[in-house]
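Welcome! Here is a short guided tour for someone meeting this structure for the first time. Please take a look at the sequence and the model before reading on.

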Amino acid sequence: MQRCRLISASKFVIFMFAFFCEKGTADLHADGEALLQFLNGLDATARNLSWSNSTSPCYWHGVECTPQLDNVVAIKLPGRGLYGTIKEGTVGSLPRLQILSLRLNHLSGPLPRDLLNCTGLRKVFLQGNDIVGSIPPFSMTSNPELAVIDLSFNKLSGSIPSSLSSLPHLKILFLQNNTISGSIPSSLGSISQFNVSNNNLNGTIPSSLRSFSNSSFSGNVGLCGPPLSSACPNTTTVPSSPSSNPSIPPPGRHTPSVYHSQAKRQLSTSVIVLIVIADVAFLFLMSACCMFWIQRRNAAIPEQGKEKEGKVSKEKGFPKGARDTDDSKEGYGSAQEPDRNKLVFFHGGYLTFDLEDLLRASAEVLGKGTFGTSYKAVLEDGPTVVVKRLKEASVSRKEFEQHMDVSGNMRHRNLVPMRAYYYSKEEKLLVHEYLPLGSLSTAIHGILFLCYTIYLTFI
């Protein structure tokens with residue numbers, strides 16, 4: 001009898017072991033199907049990840065599993081050049097997902113709402129993409145373990161969900177460089193790192209966030225209060241009456257001192273006429289200076305054009321004056337190997353040329369800085385661009401491309417967009433748009449300041 005009981009117990013243990021093994025295998029298979037659906041939503045460039053049903057998802061590139069190898073807990077694919085959208089029913093279908101890192105890619109579209117189903121989610125790194133739409137309303141009910149949210153440098157809109165204040169473990173919230181509007185939630189728990197700069201936020205900065213520097217809030221015209229210098233308008237106004245204001249006596253009882261103070265505040269007609277005459281004379285003088293400066297510049301242009309024509313070689317290369325004094329190579333390009341003559345264009349770039357076109361283009365030096373020299377390149381039958389030749393930039397290709405991914409995704413009204421770059425061991429080039437709007441000094445101080453400077457040189 002006792003032997004029969006031992007046999008029954010062993011059968012039960014074997015049955016339970018087989019049941020849980022089968023359950024773990026089924027869960028991992030479901031996670032693998034969800035990841036393949038995510039891969040299908042991306043462009044063909046993502047096919048080099050080599051994800052396949054023939055192997056376990058735990059051994060796929062960028063995928064991490066639990067120690068028991070029964071569920072996916074992390075997706076880490078930063079800077080992989082991924083294009084496409086994150087669809088519903090993909091990463092949001094991973095029940096035990098803890099880390100989602102897809103930063104510095106080219107993902108677009110809105111964030112899937114089923115991320116709220118990932119109850120174990122702890123870290124979200126999606127900065128440096130082209131994601132649109134609103135921020136998912138993460139909360140203590142849906143994602144109680146969430147500690148890091150980085151959605152910076154995207155195209156998100158809408159407001160900051162007030163439900164974020166209920167997250168008990170939230171420590172880092174980066175939302176800068178988006179188009180988020182509305183006000184900042186009054187409380188965000190015990191947050192330690194915070195940045196919402198360069199958005200469209202408005203209202204008063206909550207007192208719980210005033211310990212952060214002003215750089216965490218700059219670029220939001222509607223925000224006010226510390227640590228920003230712009231004070232919030234006083235909304236509490238008390239109407240005044242003659243009886244409650246002792247400085248204004250009742251009608252019919254003005255004292256001589258009151259009449260004397262009113263006379264001081266009124267300017268005489270002669271003083272007003274003199275001020276108007278002085279303003280008109282100043283404007284006339286500034287206009288004359290501007291006309292004189294424009295005539296001198298127009299007269300000098302033909303002579304400069306002749307000098308430049310004499311400097312350009314017959315091979316349609318760069319002017320001989322457009323080289324660094326420390327370099328023995330003309331222009332900004334020296335790579336001649338055919339397999340290296342490739343420019344890498346940023347996503348959405350519309351310029352169509354190659355490195356050989358840049359080498360054949362006529363160029364002139366725009367300026368020299370710490371990191372190299374900038375050239376204005378006029379392409380044949382093409383646009384005019386600015387090429388910066390980096391000097392003594394001893395970095396690896398991987399590090400250089402990572403820096404380019406970050407710089408290429410920066411968008412601000414005061415930043416000139418980067419269009420392409422070139423890397424080789426000998427040369428590193430950055431290609432920007434050319435803005436024919438004069439120098440930075442003219443843009444800051446205006447033409448009147450320039451004319452005033454010219455005027456001072458003649459007196």
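Two strands count as paired if DSSP finds at least two bridges between them. Keep that in mind for the sheet described next, and note that this is a predicted model.

**A sheet of three strands**

Two bridges join β11 to β13, and these strands run parallel. Within this pairing, Gly182 sits opposite Leu201 of β13. On to the next pair: β13 and β14 are joined by three bridges and also run parallel. Here Asn202 stands opposite Gly222 of β14, and Gly203 stands opposite Leu223 of β14. Put together, the three strands make an open sheet with the order β11-β13-β14 and parallel pairing. Because β11 (181-182) and β14 are at the edges and have a single partner strand each, one side of each is left without a neighbour in the sheet. As a general point, strands of a sheet pair through backbone hydrogen bonds, either parallel or antiparallel.

**Aromatic pairs**

How many aromatic pairs does a search of the whole structure find? The search finds five. Two of them are set out below.

| Ring pair | Distance between centres | Angle between planes | Kind |
|---|---|---|---|
| Phe194 and Phe217 | 5.8 Å | 50 degrees | tilted |
| Phe400 and Tyr421 | 5.8 Å | 65 degrees | edge-to-face |

Planes over 60 degrees apart count as edge-to-face, so the pair of Phe400 and Tyr421, at 65 degrees, is given that name. Both pairs link distant parts of the chain. Phe194 belongs to strand β12 (residues 193-195), while Phe217 lies in the loop between β13 (200-204) and β14 (222-224), 23 residues apart. Phe400 belongs to helix α5 and Tyr421 to strand β19 (residues 418-423), with their positions 21 residues apart. Are these residues buried or exposed? Phe194 and Phe217 are both buried, and Phe400 and Tyr421 are both buried as well. Ring pairs also join Phe194, Phe212 and Phe217 into a cluster.

**The second largest pocket**

Helix α5 comes up again here. The second largest pocket holds about 470 Å³ of space. It is lined by 17 residues, and the closest to its centre are Gly79, Arg80, Gly81, Glu401 and Asp405. Both β15 (344-345) and α5 (397-408) supply at least two residues of the lining, and α5 gives the most, with four residues. By class, the lining has seven nonpolar, five polar and five charged residues.

**Backbone details**

Most residues other than glycine have a negative phi, and most peptide bonds are trans. Some places in this model are worth a look with that in mind. The peptide bond from Pro226 to Pro227 is cis, with omega near 5 degrees; Pro227 lies in the loop between β14 and α2 (256-265). Leu69 has a positive phi, near 55 degrees. This residue is in the loop between β1 (63-65) and β2 (72-76), and Leu69 counts as partly exposed at 41% relative accessibility. Asn198 also has a positive phi, about 60 degrees, although it is not a glycine. Asn198 is placed in the loop between β12 and β13 and is partly exposed, with a relative accessible area of 23%.

**From the record**

Which residues does UniProt list for "transmembrane region"? Its unreviewed entry lists residues 271-294 and 434-458. In the model, residues 271-294 are 100% helix and 0% strand, and the end C-alpha atoms of this span lie 35 Å apart.

Technical notes. Residues numbered from 1 in each chain as written. Predicted model: local features only at pLDDT ≥ 70, side-chain atom pairs only at ≥ 80, totals over all residues. Heavy atoms only, no water. 1 Å grid on protein atoms, 1.4 Å probe; cavity = no way out; pocket = protein on both sides within 12 Å on 5 of 7 lines; lining within 4 Å. Points joined across faces, edges and corners; volume = space filled by probe spheres on them. Nonpolar A, V, L, I, M, F, W, Y, C, P; charged D, E, K, R; others polar. Phe/Tyr/Trp six-rings, centres within 6.5 Å; stacked < 30°, edge-to-face > 60°. Buried < 20%, exposed > 50% of the residue type's maximum accessible area, 1.4 Å probe, protein only. UniProt positions renumbered as here; feature names shortened; annotations may be inferred.
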